[in-house]
Amino acid sequence: MIQRLDQTNKIDKSEYIILNIDIIPISSDPIFSGFIHIKDGLIYDFGKNLDQSFLSEPYKIPIYDGSSYKLIPSFINSHTHSAMSFFRGLGCFLTPNTSKNSSMIENFLFPAEKSLTKEDVEIFSYSYLIDGIKTGTSCFCDHYYFIEGVANTMETLGVKGVIGETLCDLGGSFITTQDDWTKIKDSIRNWKYSSRIEPILSPHASDTVSSSFLKQIVDFSRSENLGIHMHLSQTQGERQRTLKKDSLSPVEFLAKCGGLNSKTLLVHMLSADKNDLAMVKDSEATICLCPSSEMIYESAPTELLLDSGINTVLGTDCAASQDSANIFNELKTLSLLSKRYPSSDYLDASCVLKTVTTVPANFFNLNCGSIEVGKSADLTYIKKDISTTLDFEKNIESNLIFSSNDRFVEHLSIEGRFILWNKQITTISEKSVMDEYQSRFKRIAKHCGFMEIK
Ligand SMILES: [Zn+2]
C-alpha cells in the first residue's frame with residue numbers, strides 16, 4: 001500500500017520515492033503530479049512518469065503519495081550572523097543613523113557584542129538557524145565572531161553552512177590580532193567539520209580592515225582556493241572612512257588589495273556608485289542584497305542594483321535589523337521593490353527564486369539549489385492549502401513568493417534526511433536549548449540597557 005506523505009511518520013530510509021507531487025526544479029520547467037526518487041542522499045531520478053516496474057507489489061523501495069505537497073529545492077541564505085538572534089526586538093525600534101559618519105552598527109551593535117562568548121554564540125545560533133529551517137532554508141553563509149560556536153550548532157542541527165570568522169584589525173567588536181589570524185589559518189588548513197560545513201574568508205568591511213591585512217587575506221584565499229564574503233559599502237559612513245583612510249571607495253580599496261574577483265561575495269553595496277558597480281560587474285564578483293535589513297539601515301541605490309546585471313544572491317543579515325531568518329520575506333521584498341523599476345532583472349519570479357537557489361549554489365560551489373539528477377536531496381515540502389491560490393504552470397513560482405509561502409513549509413530534508421518533519425525540528429529537542437537561550441538572552445539585554453538588572 002502506498003502511504004500518504006501527510007499521514008505517515010517521518011521517513012527514515014536512505015531510498016524512497018514520492019509520487020503525485022508538484023515539482024518546482026528551478027533549473028527547468030515545473031512538473032505537475034510528478035515523482036522524485038531519492039537514493040543515498042541524492043536525487044536519483046525525477047520527472048512526470050515513474051517506471052511502472054516500481055509500482056508492482058511488493059514494493060522494492062518505499063513509495064509515498066505526495067499529492068498534498070509541492071516540492072522545491074531548499075534555500076541558501078547567503079548572509080547571516082546567526083548568533084545575533086539575541087538582537088530580535090532590541091534593535092528594531094532604534095532610529096536609523098542620523099549622521100553620515102556613524103550608524104546603528106557602530107552605536108548599538110558593536111558595544112552590545114563585546115560581552116559575547118563562544119558559548120553564547122553556540123546557544124544563540126539555535127534560535128536563528130531553527131527559524132531558517134522552519135522557513136525552508138538548508139544552507140546558511142554565516143559571518144561572525146567565535147564562528148566555531150556557530151559551526152557546532154550547525155552540526156547538531158544537521159544544516160549546511162559556509163562559515164567564516166569575522167576578520168577586522170582596525171575596528172569592530174573584537175580585533176583580529178596576527179596571532180588570531182595564524183590560528184584561523186591553521187583551523188582552515190586542519191578543517192575539523194563534516195562535509196556539510198565549508199570555510200570562507202570573512203573580512204568585516206573596508207573601514208575595519210587595513211590594506212596590509214586585506215592583502216594577507218586575499219593571498220591566503222588564493223593559496224587555499226577559498227572565497228571571500230565581505231560587507232562592502234554597507235553604509236555612507238564606511239564609504240567616508242575608506243575615502244579618508246585610503247583615498248579610495250570601498251570597491252576600489254578591495255580591488256587595489258587584489259580581492260575583487262569571481263570568488264568574492266559583496267554584501268549590501270548601499271553606498272556604491274555607478275563606477276563601483278561597473279567595476280564589480282567586470283570582475284564577475286557576486287552581490288548579496290538583504291532588502292529588509294537595508295531598508296532599516298540606509299537607503300540603497302535600488303534602481304542601480306536591481307538593473308546592474310551583476311550576479312545577485314539574497315541574505316537575511318542579522319536579527320538586529322531584520323528580526324527573522326525567513327528568506328521568503330526577502331524574496332517578496334525583492335519582488336515588490338522590482339515592481340517600481342521596469343528594467344529590473346527581478347520582475348520575473350523565476351529570476352527572484354534563483355537568488356536563493358541556483359545562483360548561490362554556483363557561487364559557493366555547492367551540489368544543491370535545484371532539482372536535478374545527481375544533486376543533493378536538499379528539499380522543502382510545501383503543503384497545499386485551500387487558503388492559497390491554485391497553482392498552474394504560469395503562476396506556480398510567483399505563488400510560492402506571494403501566496404503559498406513559509407507558512408506551508410512542512411518537511412525539509414538535507415541529503416535526503418529529514419531535519420524538519422511536520423514543522424518540528426527532528427535533530428534536537430527545541431525545549432532542551434530554550435532555558436539556556438533565555439538566560440543568556442537576559443544577560444545581553446541587561447548589558448544593552450534594555451532590561452532592568454534585578
Ligand atoms: Zn551583515
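**A zinc site beside a cavity**

At 4% relative accessibility, His231 counts as buried, because buried means under 20% relative accessible area (1.4 Å probe, protein chains only). His81 counts as buried too, with 6% relative accessibility. Before we go on, note that this is a predicted model, in which local features need pLDDT of at least 70 and side-chain atom pairs count only at pLDDT 80 or more, while totals for chains, interfaces and linings use all residues. Residues are numbered from 1 along each chain as its sequence is written, and side-chain values use heavy atoms, leaving out hydrogens and water.

Now look at the zinc ion. His79 (NE2), His81 (NE2), His231 (NE2) and Asp317 (OD) coordinate the zinc ion at 2.1 to 2.5 Å; donors here are N, O and S atoms within 2.8 Å of the metal. Along the chain, these donors follow the spacing H-x1-H-x149-H-x85-D. His81 lies in the loop between strand S7 (75-80) and helix H1 (104-113), and His231 in strand S12 (residues 228-232), so the pair ties together parts that are 150 residues apart in sequence. Helices (H or I, at least four residues) and strands (E, at least two) are DSSP runs, numbered from the N terminus.

Both histidines turn up again at the largest cavity, a set of points on a 1 Å grid over the protein atoms alone where a 1.4 Å probe fits but cannot get out. About 170 Å³ of space lies in this cavity. Its lining has 17 residues (each with an atom within 4 Å of a point), and His81, Met84, Leu109, His204 and His231 lie nearest the centre. H1 gives the largest share of the lining, 4 residues.

Note on methods
Donors are N, O and S atoms within 2.8 Å of the metal (3.2 Å for Na, K and Ca); water is not among the atoms, so sites may look incomplete. Buried means under 20% relative accessible area, exposed over 50%, partly exposed in between (1.4 Å probe, protein chains only). On a 1 Å grid over the protein atoms alone, a cavity is a set of points where a 1.4 Å probe fits but cannot get out, and a pocket is an open set with protein on both sides within 12 Å along at least five of seven lines; lining residues have an atom within 4 Å of a point. Grid points are joined across faces, edges and corners, and a volume is the space filled by probe spheres set on the points.
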